[in-house]
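Trainee: I'd like to learn how to read a structure like this one. Can we go through it together?

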Amino acid sequence: MRRMRVAAVCGAAVVTAVGGVAPAAGARGAVRGAEAGLAYHGSAGIVGDRVDVRFTPHNQGAAAVPDSVVRIRWSQPLEEGQLLPARCAPEGDRAVRCRVGPLGAHDTGERIGLRVRLREAPTEVLLEFDPVGSDGTVDESRAAAERQRVLVLDTGDTYYF
C-alpha cells in the first residue's frame, strides 16, 4: 500500500514538473482538471443572399461533453421563416442554434449542413461559432476562448475553417 502511494505521488510530481495533468486518485482513466475543447471545422460560401455552411464538431479536449450545442451568428440579419435542419432552430434575427449532441474526449461529431438566406445580398458576412452550455446559456469566458470567426466574401469561393 505504501509503495502505491509513493508511486502515485512521484508520478504526479513528474507529470506536474513536465507540465502535464496527473490522474485523479482513485479514478481509473479519469484526469483531474480535464476540460473539453470544442472546435468546428468545415466550409462556408456566399452567393448573393444565400450562405452555405457545412461543419463537423470536434472535441479536442480530454473531457467528454454530455450534450453540446453550437450557436452560429451571422453579421447580417437572416430572412424569416427558413427551413432549417431538424436539429437546428433560429435564435433572434441573426443566429441559429444547432444541437451537436454528446462528444467523447478527442471525439468527432456528425457533420452539420445549413443553407440560409440573408435579408439582403451583402459583399461579405462574418460567421461566429459559439459553444452553448447544456442549460442553453453561453458561458462568455468559455465562449471567448472557443469562439471561431469566419469571414466569407461574396466571391463564389469556398472558405475553409
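Mentor: Sure! Let's start with vocabulary: helices (H or I, at least four residues) and strands (E, at least two) are DSSP runs, numbered from the N terminus. Here, Glu 124 sits in strand β8, which covers residues 124-132. One caution: this is a predicted model, where local features need pLDDT of at least 70 and side-chain atom pairs count only at pLDDT 80 or more, while totals for chains, interfaces and linings use all residues. Residues are numbered from 1 along each chain as its sequence is written, and side-chain values use heavy atoms, leaving out hydrogens and water.

Trainee: How many helices and strands does the protein have?

Mentor: Two helices and ten strands. Reading from the N terminus, the order is α-β-β-β-β-β-β-β-β-α-β-β.

Trainee: Back to Glu 124: is it buried, partly exposed or exposed?

Mentor: Buried means under 20% relative accessible area, exposed over 50%, and partly exposed in between (1.4 Å probe, protein chains only). Glu 124 has 39%, so it is partly exposed.

Trainee: Which residues does Glu 124 touch?

Mentor: A contact means heavy atoms within 4.5 Å. Leaving aside residues up to four places away in sequence, Glu 124 touches Gln 76, Leu 151, Val 152 and Leu 153.

Trainee: And how many disulfides are there?

Mentor: A disulfide is a pair of cysteine sulfur atoms within 2.5 Å. The whole structure has one: Cys 88 and Cys 98, with sulfur atoms 2.1 Å apart. Cys 88 lies in strand β4 and Cys 98 in strand β5, ten residues apart. Both cysteines, Cys 88 and Cys 98, are buried. The torsion about their S-S bond is about 110°, so the disulfide is right-handed.
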